[in-house]
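Let's take a friendly walk through this model together, moving from a pocket to the fold as a whole and then to some ring pairs. Keep the viewer open as you read.

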Amino acid sequence: MILPAEQLCNQFSNEKINSISPLGNGLINDTFLVTTESTAFILQRINTQVFPEPAQIMQNLSLLTQHIRQKNSRELKLIIPACLKTNDQQSYYLDSNNNYWRALEFVENTISQEQITQQKQAQQVGFALGHFHRLCSDAACDLFHDTLPGFHITPHYFEQYQSIKKHGIELSNKALQCRSFIAAFEAKINSLEEAKNKGLLLQRITHGDPKLNNFLFDKDSEEIVSLIDLDTVKPGLVHYDIADCLRSCCHNTQTNSFDLKLCEIILTSYLKQTAVFFTEHDYDFLYPAIELIPFELGLRFFSDYLQGNKYFKVDYTEHNLDRAWAQFQLCESISGQEQAIRLLITQTIICSSG
């Protein structure tokens, strides 16, 4: 990763730049923490291979901020980082190499987590995502851009996989196992999209990438105070969000198994927030979503591996293959606990409505 120059940072600040350092471990954008004489801000280079319309991303962020700031301050429990304007009052800066840069408010005294280590953290994650969905549940979806057409549309990823699976590298044993797993899961791929097309599930504003390290915890209270990485905010099914959150938080990376206890804590907290707008069908499709999301991500990793690792950042040639197999094992663990997870959902609904 090449550090941005001080002259670039000065597009967003007139103060002397004290330091520029890489921040986080995101797989898409390049992110930096910039400190000045009096403050700090986040600088990001938007990956235009993933987000071909950066202006639409910034418009969505503006709409999201406007919608949430209209809420009663007593109701608002999350900070949505503000977008900083350039010196000529633009929402992003285009450099001489056609790189798009934007700056965001830095939320002070916070920390992100890579792994849940205590029950309070799990409870906070469920609350924060549910609270975000609750705040956005009355937003007008038709005003927001679909900045990633096909994102979290599992049949779309499967079609892409079908078009490339006959080409490319000679397959190893692990790759052949991935291919077999995909074939066995194929009948379940359309479950959520069919429900949406039938009108059983409604589109709402979603975060799009609510993995654990996109929640910011206050260092003192250990409560979540912000939800970041909002580039993927767009109309979609909230089921993909909560399922992806559970995939991220409940994945035992040592065994690639699904932690049912963490799932219970997160879901209980989440559904207490979403009970005000969830329908019976929303509850019905929670388990299919929980099972589907790790499969979808595994399918994306595997497809990218077959295409030569063009989308996700990798550390070695078979990195995406290993990522894919880990997600498929997680999916298998979820499938093996289907009855227990469905019972948990039923019990959680009763607790949430009580």
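A pocket here is an open set of grid points, on a 1 Å grid over the protein atoms alone, with protein on both sides within 12 Å along at least five of seven lines. Its volume is the space filled by probe spheres set on those points. Bear in mind that the model you are looking at is predicted.

With that in hand, turn to the second largest pocket, which holds about 570 Å³ of space. It is lined by 25 residues, and the closest to its centre are Gln49, Tyr157, Gln160, Arg300 and Tyr311. Two elements, helix H4 (154-164) and H10, each give two or more residues to this lining. Which of the elements provides the largest share of the lining? That is H4, with 5 residues. Sorted by class, the lining consists of 12 nonpolar, 9 polar and 4 charged residues.

Since H4 matters to that lining, let's stay with this helix for a moment. Its buried residues are Thr154, Pro155, Tyr157, Phe158, Tyr161 and Ile164. Against what do they pack? Their partners are helix H5 (173-185), helix H6 (191-197), helix H7 (238-249) and H10. Two of the buried residues just named, Phe158 and Tyr161, turn up again in a cluster, where ring pairs link them with Phe302 and Tyr305.

Now zoom out to the whole protein. You will find 12 helices and 13 strands. The radius of gyration is 20 Å, close to the 20 Å that the globule rule gives for 354 residues, so the protein is as compact as a globular protein of that length. If you prefer to think in box dimensions, the C-alpha trace spans about 60 × 55 × 40 Å along its principal axes. Of the 354 residues, 52% count as buried. As for how the chain meets itself, take the contacts between residues at least 6 apart in sequence: 72% of them join residues at least 24 apart.

Aromatic rings give us some concrete cases to look at. A pair of aromatic rings is described by the distance of the centres and the angle of the planes. The structure holds 15 aromatic pairs. One of them joins Phe32 and Trp101, with 6.2 Å from centre to centre and 40 degrees between the planes, a tilted arrangement. This pair links distant parts of the chain, as Phe32 sits in strand E2 (residues 30-36) and Trp101 in strand E6 (residues 100-105), 69 residues apart. Are these two rings' residues buried or exposed? Phe32 has a relative accessible area of 0% and is therefore buried; Trp101, at 6%, is buried too.

Another pair is formed by Phe295 and Phe328, whose ring centres are 5.8 Å apart and whose planes meet at 35 degrees, so this pair is tilted. It also links distant parts of the chain: Phe295 belongs to helix H10 (residues 286-306) and Phe328 to helix H11 (residues 319-336), 33 residues apart. Both Phe295 and Phe328 are buried.

A loop residue makes a good last stop. Thr86 lies in the loop between strand E4 (83-84) and strand E5 (93-94). Its relative accessible area is 2%, so Thr86 is buried. What does Thr86 touch, leaving aside neighbours within four places in sequence? Its contacts are Gln11, Phe12, Tyr92 and Tyr93.

Terms used: Residues are numbered from 1 along each chain as its sequence is written. This is a predicted model: local features need pLDDT of at least 70, side-chain atom pairs count only at pLDDT 80 or more; totals for chains, interfaces and linings use all residues. Side-chain values use heavy atoms; hydrogens and water are left out. Rings of Phe, Tyr and Trp (its six-membered ring) pair if their centres lie within 6.5 Å; planes under 30 degrees apart count as stacked, over 60 as edge-to-face and the rest as tilted. Helices (H or I, at least four residues) and strands (E, at least two) are DSSP runs, numbered from the N terminus. Buried means under 20% relative accessible area, exposed over 50%, partly exposed in between (1.4 Å probe, protein chains only). On a 1 Å grid over the protein atoms alone, a cavity is a set of points where a 1.4 Å probe fits but cannot get out, and a pocket is an open set with protein on both sides within 12 Å along at least five of seven lines; lining residues have an atom within 4 Å of a point. Ala, Val, Leu, Ile, Met, Phe, Trp, Tyr, Cys and Pro count as nonpolar, Asp, Glu, Lys and Arg as charged, and the others, Gly among them, as polar. The radius of gyration is taken over C-alpha atoms; the globule rule is 2.2 Å times the number of residues to the power 0.38. Contact means heavy atoms within 4.5 Å.
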